Amino acid sequence: INLVGRQRNGIVSEGAYSQVQDQIVMMLNGLVDPMTGEPVFARIVRRDELTELRLDAPLAGDILVQARPGYTLSDDRSSDGIFTQATIYGEQGYDPLLEMMQGGWFAAGPKIPIISITSPVQYVDLAPTIASLLGFEMDDSDGQIIEAFLRP
């Protein structure tokens with residue numbers, strides 16, 4: 001939302017912000033694929049609700065959307081239509097908790113034990129784990145060290 005005082009050429013006043021946000025959310029909730037009639041978005045979240053998702057970064061948008069499986073979010077303007085077959089999966093816009101979005105991770109090295117972890121590992125946990133294996137700490141990470149990788 002092009003907010004006065006936040007963006008250089010802002011046109012939306014602080015008083016109108018929530019109304020504009022509500023209008024956008026309503027429009028996005030009503031967006032359906034004309035071929036199937038199915039909603040395009042699995043989740044639409046206002047900026048003030050991002051804290052509970054741990055997504056409240058300073059540069060976070062005013063509205064977060066997550067695509068339903070089968071749709072991708074793209075700024076590609078080369079297509080003639082808005083709705084086209086998704087050809088690339090695993091990109092931005094999906095809920096990472098969907099089973100289809102789970103991936104594998106492989107680590108090898110002299111200090112890494114031979115183990116298999118079958119429970120989900122959070123992406124934010126990889127950096128502090130790698131840092132620990134390299135012998136230093138990360139003070140500003142939201143992730144936790146995956147202790148199984150530190151066992152001899």
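**Notes on the predicted model, starting from Thr129**

1. A good place to start is Thr129, which sits in helix H2, spanning residues 126–133. Helices here are DSSP runs of H or I with at least four residues, strands are runs of E with at least two, and both are numbered from the N terminus. Please keep in mind that this is a predicted model, in which local features need pLDDT of at least 70 and side-chain atom pairs count only at pLDDT 80 or more, while totals for chains, interfaces and linings use all residues. Residues are numbered from 1 along each chain as its sequence is written, and side-chain values use heavy atoms, with hydrogens and water left out.

2. Is Thr129 buried or exposed? Its relative accessibility is 0%, so Thr129 counts as buried. (Buried means under 20% relative accessible area, exposed over 50%, and partly exposed in between, using a 1.4 Å probe and protein chains only.) The side chain of Thr129 comes to 2.8 Å from the backbone nitrogen of Ile146. Setting aside neighbours within four places in sequence, the contacts of Thr129 are Gln144, Ile145, Ile146 and Phe149; contact means heavy atoms within 4.5 Å.

3. Thr129 has buried company in H2: Leu126, Pro128, Ala131 and Leu133 are on the list of buried residues too. Just after this helix, Gly135 adopts a positive phi of about 95 degrees.

4. Ala148 is worth a look as well, in the segment after H2. With a relative accessibility of 15%, Ala148 counts as buried. Not counting residues up to four places away in sequence, Ala148 touches Pro113, Ile115 and Ile117. The C-alpha atoms of Ala148 and Ile114 are 9.8 Å apart, although 34 residues separate them along the chain.

5. Now for the overall layout. The chain has two helices and two strands, and their order along the sequence is α-β-β-α. Of its 152 residues, 22% count as buried. Among contacts with a separation of 6 or more, 40% join residues 24 or more positions apart.

6. Which residues form the largest nonpolar core? There are seven: Val25, Leu28, Val40, Phe41, Ile44, Ala67 and Tyr71. Helix H1 (17–29) and strand E1 (41–46) each contribute at least two of them. Apart from this core lies another of five residues, including Leu126, Leu133, Ile146 and Phe149. A nonpolar core is a set of buried Ala, Val, Leu, Ile, Met, Phe, Trp, Tyr and Cys residues joined through side-chain atoms within 4.5 Å. In soluble globular proteins, nonpolar side chains tend to be buried together.

7. Helix H1 passes a simple length check. Its 13 residues should span 18 Å at 1.5 Å a residue, and the end C-alpha atoms are indeed 18 Å apart; the expected span is 1.5 Å times one less than the number of residues. Tyr17, Gln21, Val25 and Leu28 are the buried residues of H1. They lie on the same side of H1 because they cover an arc of only 65 degrees around the axis, taken from the directions from the helix axis to the C-beta atoms. Their cover includes E1 and strand E2 (63–67). Leu28 itself touches Phe41, Ile44, Ile63 and Val65, leaving out residues up to four places away in sequence.

8. Finally, confidence. The chain has a mean pLDDT of 82, with 82% of its residues at 70 or more; pLDDT is the predictor's confidence in each residue, from 0 to 100. Where pLDDT is low, the predicted coordinates should not be read in detail.

Definitions and conventions: A polar contact is a pair of N or O atoms within 3.5 Å; within protein, one must be able to donate a hydrogen and the other to accept it, and residues adjacent in sequence count only if both atoms are side-chain atoms.
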